[in-house]
Every structure is written in C-alpha cells, then in structure tokens.
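Subject: Handing over a structure

Hi there,

Here is the structure I promised to pass on. Have a look at it first, and then read on for what turned up.

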Amino acid sequence: MEGGNSPNLQLQQLPLATAAVSVQPHTDSFSYKENLIGALLAIFGHLVISIALNLQKYSHIRLAGSKDPRAYFKTKTWWCGLFLLVLGELGVFSSYAFAPLSLIVPLSAVSVIASAIIGIIFIKEKWKPKDFLRRYVLSFVGCGLAIVGTYLLITFGPNSHEKMTGENITRHLVSWPFLLYVLVEIVMFCLLLYFYKEKNANYIVVILLLVALLGSMTVVTVKAVAGMIVVSIQGNLQLDYPIFYIMLVCMIATAIFQATFLAQASQLYDSSQIASIGYILSTTVAITAGATFYLDFTGEDVLHICMFALGCLIAFLGVFLITRNRKKSVPFEPYISMDAMPGMQNMHDKGIAVQPDLKASFSYGALENNDNMPEIYTPATLPIVQEQHGSKGVSAPPYRVLEHSKKDCEVESIHLSKK
C-alpha cells in the first residue's frame, strides 16, 4: 500500500513545485514595477516642488516691483504655488512607500535640474547666442550629467522590498547594525553641535553635516510612516502599533530641527553652496542609513552596486556644476564708511558714530527719498576749522563743530535771498 501510494504522492507534488518556481519571476517583475512607480512619484514630486517654489518667488518679486499694496498671501499666484508645493510633497512622501530609500533620496537632484531650466527659460536679460552658450555652458553640462546620473540610479537601484508592517519595523529598529549606526551618529552629532555652539565653528560643512544627520533619521521615519499607511489602506491595519506613532513623532521633530539648521546656514552662506554641498552630504548619509536600517543592498551583486555608486557620483557632479554657475549676491551697504576715505579723519567720539540711525531705519546715506520726513533737519557741518595757538603749553582741540539750529538756517537763507 505504501509503495503504491508513493508515485501518486510524487505526481501530486510535481505541479506544486513548478508553480513555486513560476512565482519568483512574477515577484521580480512586480518589484521592478514598484521601483518604477516610486521613482516616477519622486520625480513628479520634486518637479512640482521646484515649479511651486519658483511661482511663489515670482509672486514676491512681482509685488516688490509694483505699487500693489496687497500682501503676498492675497495673490492667486502665491496660493497656486502653495497648492503645487503640497501636491509635490505628497508625491515625494508616497514614493517612499513603493521604492527603497536608497533609490528615492538621490532623485532630489530633479528639483535642482528643474530650477536651473526654469531660471534659463524665464531669464530677463538678452544675450547673443555665443554669449548665452558661454554663460550657461556649466548649467547645460550639469543638467546633462544629472540626467545621466538619475537614469543610472533608476536602472541599477536596489531592488529590496518588504511590507512595512509594525513587526518588520520593530525588528529593524532593534537590530545591532542599526543600533551601532545610531550610536555613531549620536556621537558625531554631539561633537559637531559642541564645535558649532561652543567653539563658533560656523563652517558650512559643519552646519550641513548636522542637517544631513538629522535628515537621515527623517527619511528613515518617513519611509516607515508612509509604508505603514499604504499597508493599512490595502487592508492590513498598522495604525494600532505604537511604533507608528513613535516614527511619526521622530519624523516631525527631526524635520523641524533640520529646517532650523538650514535657516541658520542660509543666513551665513550662499544658497547655491547650500544646495550643492547639502545635496551631496544628505544623500550620502541617507543612503548609509537606508542600507543599515532597511538593508537595501542585501542580495545585490557587485555590478549593480558599482553602477549605482557611479550614478550617485555623476549626479553629484551635475548638481555641483549647476549650482556653480549661479551668481553670487552682493551685500547692500547703506552707509558710507568715513574712515575708508583717504585724507579723512575717523569722526567718532567715544564710540558714537557721526551717521546715526534714525528710528532704526536706513535713512541717512541710504538710497531712498526722505523729503517728506519733518524730523530730519539740516545736517551739521562736519570737519571744521583747526585753530593754531601760540602758546605751546595750552592744548587746543583738534577740531571744532559749528552747530546750527533750524531757526538759524532759516535766517541765513533769508539773508542770502535778499543779497
């Protein structure tokens, strides 16, 4: 009986084995499809964000150059930019739920490419073709390199996919590689913060490294929150796990502190330097965090990893060339430096400057019309007569200031008009 039943059992197991073999190609094609969906959502989101920011900037510039008394939030252009900004952020947020973290993060180069193209299209100045190509050759080369790097990133990006359930995220959170990575990151962050706050090390690399370390935790938590929301929408509820709310709080907190350090960097350095150096540092640290927490490169062969690294380097070079071509802003100096003029004495008396600031506004020496201000009277005459005394023992003052009141000036003007 047993010998007669064994062939039947083998025949019954044969279709099951063939079915199991056919599942793997379907899974691979589905994972590549998810990668493509996530990459397209990220590209769409960064493109829309770039358009939205340029629209809002255009709204501010248009109001500043006209006599329109309205505030910027009362214009349709600004609200259109805000709507597109929210739409783009939703696209980027949802892309983390489909594709690996190490694939989505480098695609932020799309926003730099879009900003460069929009700046060239809407340029106000007129150039000859030769001058135009010579002026923007770095932007063209940078855009080409960034596009090539983005193509390599999408083609050779990591292909690891798992359901973002509460059990999987908790298991990754307590794994020893990620705990070691968090320990190293906390030590680095504390050292950088100490040098930045206590030693006044206001270098752009120090500030943007702080931003990158915070940003790596932000993208890790964003992927966890977005993945758990998508799994919940698909029918498997994940919002009752405490890890979801822990990740949500960490995402909001790290994003706020990251924005704070970015605002401090924007006050000290040019936006083009922040864009290029920040993109390189943030992408590198975020890819490291994704490879440690989500194990993005597990099972990938050496060729795919090398081509992915090459795509990152090409994208880095492209972003650097694009931002390198931007004009540096010239700071506005409202006052004339008296001591910088040749042959002029430094007219300060016990730290009180000759050119006072009237009501905390740039009124004296600034390029604005203050004829309607009744508070401004006739200015005092500055260097005056130096008197020589015959006696050597008596010290004379180096200069004498002749003060005139408003009434004296009116009397003198009447006498001059009569003459």
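Let me begin with the charged contacts: there is one salt bridge, where a salt bridge is a side-chain nitrogen of Lys or Arg within 4 Å of a carboxyl oxygen of Asp or Glu. It joins the side chains of Arg-171 and Glu-162, with an N to O distance of 3.7 Å. Arg-171 is partly exposed at 45% relative accessible area, and Glu-162 is partly exposed too, at 31%. Here buried means under 20% relative accessible area, exposed means over 50%, and partly exposed is in between, with a 1.4 Å probe and protein chains only.

A word on where this comes from: the model is predicted, so local features need pLDDT of at least 70 and side-chain atom pairs count only at pLDDT 80 or more, while totals for chains, interfaces and linings use all residues. Residues are numbered from 1 along each chain as its sequence is written, and side-chain values use heavy atoms, leaving out hydrogens and water.

Now the overall picture. The protein has 13 helices and zero strands; helices (H or I, at least four residues) and strands (E, at least two) are DSSP runs, numbered from the N terminus. Of its 419 residues, 33% count as buried.

One helix to look at is H11, which covers residues 271-293. Its 23 residues reach 31 Å from first C-alpha to last, close to the 33 Å expected at 1.5 Å a residue (the expected span is 1.5 Å times one less than the number of residues). H11 has a kink of about 25° centred on Gly-278, the bend being the angle between axes fitted to the seven residues ending there and the seven starting there. After H11 comes Leu-295, with a positive phi near 55°.

On the surface, a nonpolar patch of about 930 Å² includes Trp-176, Leu-180, Leu-183 and Tyr-194. Patches are made of residues with over 30% relative accessible area and no salt bridge, with like charges joined within 9 Å and nonpolar side chains (Val, Leu, Ile, Met, Phe, Trp, Tyr) within 5 Å; accessible areas come from the Shrake-Rupley method with a 1.4 Å probe, and for residues only the protein chains shown count as cover. Tyr-194 lies in helix H8, residues 176-197, and is partly exposed at 40%.

Finally, the structure holds zero disulfides, a disulfide being a pair of cysteine sulfur atoms within 2.5 Å. Cys-306 is partly exposed at 46% relative accessible area, whereas Cys-312 is buried at 7%.

Enjoy exploring!
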